[in-house]
Amino acid sequence: PYKNQIIKDIKKILLKWGFSKNGIFSNSKGEWYLFSQIFIIFLHILPPYPKPGYVSSSVHIFFMIIGIIISIQGAIIAFKAFIDLGKNLTPLTYPMKSSVLITTNSYQNERHPIYKGLLVISLGICLSSLSLVHLFLLLSLAYILKAKALKEEEKLKKFFPEYENYIKAVPAIINNI
């Protein structure tokens, strides 16, 4: 009975977010962006290539420490933005019907702070591993998140008329670029 309730609760959340069997195959709400994003994030567990033996151990330790600090900062950014969205959080590019536009806290200085946090984490992993593979993963993640953000913003403009002004006032991820 407890296991069945967990499955029912998961189905309820997925339906609330807008997942459907049809959407998974047609990408109607950006499901493929989400799956690509998750896949690239998962690939960060790959070992570094080339092995960091081409630099001295003190240089490698320096970059490991810097990378870990940067990844922690990224996790804090993403976690805070996650909390700030509250009930409005959806992993898809399409806002839920009950959503309200959040433009305060984490969303006051950038429109996509969760994406920023994920990219900062990826950058930290790239630096700590000194890996070309992880540099490629960082660039791939940036590409996917950019495409996902553009699709998301199309929907947000339709859903929230005031989003157009928000776009003009607040940068997507990085201020002054």
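Contact here means heavy atoms within 4.5 Å. Keep that in mind for the exercises below, which all work on a predicted model.

**Exercise 1. Find which residues of α5 meet which residues of α6, and work out how the two helices run relative to each other.**

Step 1: start with the contact list. On the α5 side you have Tyr 115, Leu 118, Leu 119, Ser 122, Leu 123, Ile 125, Cys 126 and Ser 129. Facing them in α6 are His 134, Leu 135, Leu 137, Leu 138, Leu 141, Ala 142, Leu 145, Lys 148, Ala 149 and Glu 152.

Step 2: sort that contact by class. It comes out as 13 nonpolar, three polar and two charged residues.

Step 3: now the geometry. The axes of α5 and α6 lie 9 Å apart, and the packing angle is about 175 degrees. Angles over 145 degrees count as roughly antiparallel, so α5 is roughly antiparallel to α6.

**Exercise 2. Do the same for α3 and α6: what is the crossing angle, and what is the handedness?**

Step 1: pick out helix α3 at residues 31-43 and helix α6 at residues 132-159. Their axes come within 10 Å and cross at roughly 160 degrees. That angle makes α3 roughly antiparallel to α6.

Step 2: check the handedness. α3 passes α6 in a left-handed crossing.

Step 3: look at who touches whom. From α3, the residues in contact include Tyr 33, Leu 34, Ile 40 and Ile 41; from α6, they include His 134, Leu 137, Leu 141 and Lys 151. The whole contact of α3 with α6 splits into ten nonpolar, four polar and two charged residues.

Step 4: compare with Exercise 1. His 134 of α6 is in the contact with α3, and His 134 also turns up in the contact with α5. Leu 137, Leu 141, Leu 145 and Lys 148 are further examples, listed against α3 and against α5.

**Exercise 3. Describe how α4 and α5 cross.**

Step 1: get the distance and angle. The axes of α4 and α5 come within 7 Å and cross at roughly 165 degrees. The pair is therefore roughly antiparallel.

Step 2: add the handedness, which is left-handed for α4 passing α5.

Step 3: tally the contact residues. There are 18 nonpolar, eight polar and one charged.

**Exercise 4. Work out which residues lie nearest the centre of the largest pocket, and which helices help to line the largest pocket.**

Step 1: the largest pocket has a volume of about 580 Å³, and 30 residues line it. Nearest its centre are Leu 85, Leu 89, Thr 90, Ile 114 and Glu 152. You've met Glu 152 already, on the α6 side of the contact with α5.

Step 2: go helix by helix. α3, α4 (57-85), α5 (113-129), α6 and α7 (163-169) each give at least two residues to the lining.

Step 3: class the lining. It has 21 nonpolar, six polar and three charged residues.

**Exercise 5. Step back to the whole chain, then find where Pro 50 and Asn 105 sit.**

Step 1: count the elements. The chain has seven helices and zero strands, and its C-alpha trace spans about 55 × 50 × 30 Å along the principal axes.

Step 2: check the loop between α3 and α4, where Pro 50 is found. The peptide bond from Tyr 49 to Pro 50 is cis, with omega near -5 degrees.

Step 3: move on to the loop between α4 and α5, home of Asn 105. Asn 105 isn't a glycine, yet its phi is positive, near 55 degrees.

Note on methods: Residues are numbered from 1 along each chain as its sequence is written. This is a predicted model: local features need pLDDT of at least 70, side-chain atom pairs count only at pLDDT 80 or more; totals for chains, interfaces and linings use all residues. Side-chain values use heavy atoms; hydrogens and water are left out. Axes are lines fitted to C-alpha atoms, for helices over the stretch in contact, and angles run from 0 to 180 degrees between N-to-C directions. Helices (H or I, at least four residues) and strands (E, at least two) are DSSP runs, numbered from the N terminus. Angles under 35 degrees count as roughly parallel, over 145 as roughly antiparallel, 65 to 115 as roughly perpendicular and the rest as oblique. A crossing is left-handed if the near helix is turned anticlockwise from the far one by less than a right angle, and right-handed if clockwise. Ala, Val, Leu, Ile, Met, Phe, Trp, Tyr, Cys and Pro count as nonpolar, Asp, Glu, Lys and Arg as charged, and the others, Gly among them, as polar. On a 1 Å grid over the protein atoms alone, a cavity is a set of points where a 1.4 Å probe fits but cannot get out, and a pocket is an open set with protein on both sides within 12 Å along at least five of seven lines; lining residues have an atom within 4 Å of a point. Grid points are joined across faces, edges and corners, and a volume is the space filled by probe spheres set on the points.
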